[in-house]
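Here is a short briefing on one protein model. Look over the sequence and the 3D view, then work through the points below.

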Amino acid sequence: MGKLNILIAEEKVSRRKTLRDCVVETLPDVSVVESADGLDAFNKVSRQRFDLVVLNAHLPRRDGLTVMRYLDGVPGELLPRHLAVFCENQLVPLEVRGLSKLKPEFMLAGSPLDSFASFLRARLLPAPPKTQISYDVNMVNAFIDSTIAVLQANAQVSVTKEKIFLRTNTSPSGDISALVQIDGAKRKGSMAIAFDQSCFLAVANRMLGENYASLCDEINDAAAELCNQIFGQTKKKLNGDGYEIKSAIPSVESKPGHRVTHPVTGPCVAVQFRTELGAFVIEAAMDISKGEGV
């Protein structure tokens with residue numbers, strides 16, 4: 001971003017200085033031109049293109065609204081990128097309704113400087129780059145493949161990957177979940193499988209050949225077993241690629257609408273699966289300080 005050119009048109013010297021100081025303190029590389037009346041502002045905007053023109057609506061020798069209407073008719077190479085107009089009240093002047101090029105933004109003359117500084121940052125500073133969330137593709141794909149294989153083998157359930165998304169800190173995981181920690185040379189984190197109650201009961205009853213109608217200690221063991229088998233198959237796949245993941249014992253949580261708490265601060269990638277018995281989710285949270293991600 002090159003140097004920004006700003007015009008401040010304000011009759012009062014103290015107010016002009018206050019606005020100038022705010023501009024200089026807020027923007028990193030800026031050139032500020034000042035005008036004390038509308039005619040001088042009129043002449044300056046006819047010779048130079050400004051990134052921002054700041055006008056008081058009640059300037060002498062040509063009021064700010066007249067200057068604004070003039071600006072709307074200048075050639076494109078002189079049209080300012082932004083226009084801020086300070087008014088004495090919140091009513092938008094009728095004169096602006098005929099403007100075709102400019103989109104002035106009105107502020108109260110007595111509004112706090114913080115509001116003006118926020119306006120400057122929002123309009124003239126580049127947006128911060130979006131943080132790219134990374135995750136280990138190999139690990140997630142290994143969990144997906146293992147999940148499909150284990151559910152089909154243990155419960156004769158046809159499993160389809162429905163969507164992959166980032167689990168937020170507030171969204172619930174399900175009614176019953178099993179979590180196992182991942183401790184390896186390439187990755188540290190945790191993996192969990194989470195079900196709504198109805199889906200889990202249907203899956204577990206197929207696995208066990210039972211007819212449980214609600215969650216209980218006996219059926220909860222099935223969640224740990226599913227997690228353990230999925231983790232075991234995943235571990236075998238990844239260790240063949242040098243991950244050196246250690247064995248671990250799953251822990252089960254059974255509570256309506258709970259959120260799985262993973263022991264790492266990295267992103268939590270969730271994969272939702274669809275079956276004829278309902279949907280469930282696999283979550284993989286990992287430390288992304290090592291390895292390749294996308």
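Start with the contacts. Count those in the protein between residues at least 6 apart in sequence: 68% of them join residues at least 24 apart. Keep in mind that this is a predicted model. The protein has seven helices and 11 strands.

**Overall shape and surface**
- A compact globule of 294 residues would have a radius of gyration near 19 Å, whereas this protein has 31 Å.
- Along the principal axes, the C-alpha atoms fill a box of roughly 90 × 40 × 30 Å.
- Of the 294 residues, 45% are buried.
- The accessible surface comes to about 15100 Å². Carbon and sulfur atoms account for 48% of that surface.

**The six-stranded sheet**
- Six strands form an open sheet. Their order is β6-β10-β11-β8-β7-β9, and the pairing is antiparallel.
- Which strands sit at the edges? They are β6 (160-166) and β9 (251-258), and each pairs on one side only.
- On average, neighbouring strands of this sheet are turned by 25 degrees against each other, direction ignored.
- Look at one pair: β6 and β10 are joined in the antiparallel sense over six bridges. K163 stands opposite Q272 in β10.
- As a general rule, strands of a sheet pair through backbone hydrogen bonds, either parallel or antiparallel.

**Helices across the strands**
- Helix α6 lies across β7, β8, β10 and β11. The angle between α6 and β8 is about 90 degrees.
- Helix α7 lies across β7, β8, β9 and β11. The angle between α7 and β7 is about 35 degrees.

**Nonpolar cores**
- In soluble globular proteins, nonpolar side chains tend to be buried together.
- How many residues are in the largest nonpolar core? It has 39 residues, and M191, I193 and F195 have the most contacts inside it.
- Several elements each supply at least two residues of this core. The helices among them are α5 (137-155), α6 (197-208) and α7 (217-239). The strands among them are β7 (174-183), β8 (188-195), β10 (268-275) and β11 (278-286).
- Another core lies apart from this one. This other core has 21 residues, among them A9, L71, L83 and L99.

**A closer look at M191**
- What does M191 touch, leaving aside its neighbours within four places in sequence? Its contacts include F143, A178, L179, V180 and I182. C227, I230 and F231 are also in contact with M191. So are I282, E283 and A284.

Definitions and conventions: Residues numbered from 1 in each chain as written. Predicted model: local features only at pLDDT ≥ 70, side-chain atom pairs only at ≥ 80, totals over all residues. Heavy atoms only, no water. Core = buried A, V, L, I, M, F, W, Y, C linked by side-chain atoms within 4.5 Å. Buried < 20%, exposed > 50% of the residue type's maximum accessible area, 1.4 Å probe, protein only. Helix = DSSP H or I, 4+ residues; strand = E, 2+ residues; numbered from the N terminus. Contact = heavy atoms within 4.5 Å. Pairing = 2+ DSSP bridges. Axes fitted to C-alpha atoms, helices over the stretch in contact; angles between N-to-C directions. Rg over C-alpha atoms; globule rule 2.2 N^0.38 Å. Areas by Shrake-Rupley, 256 points an atom, 1.4 Å probe, with all protein chains shown as cover.
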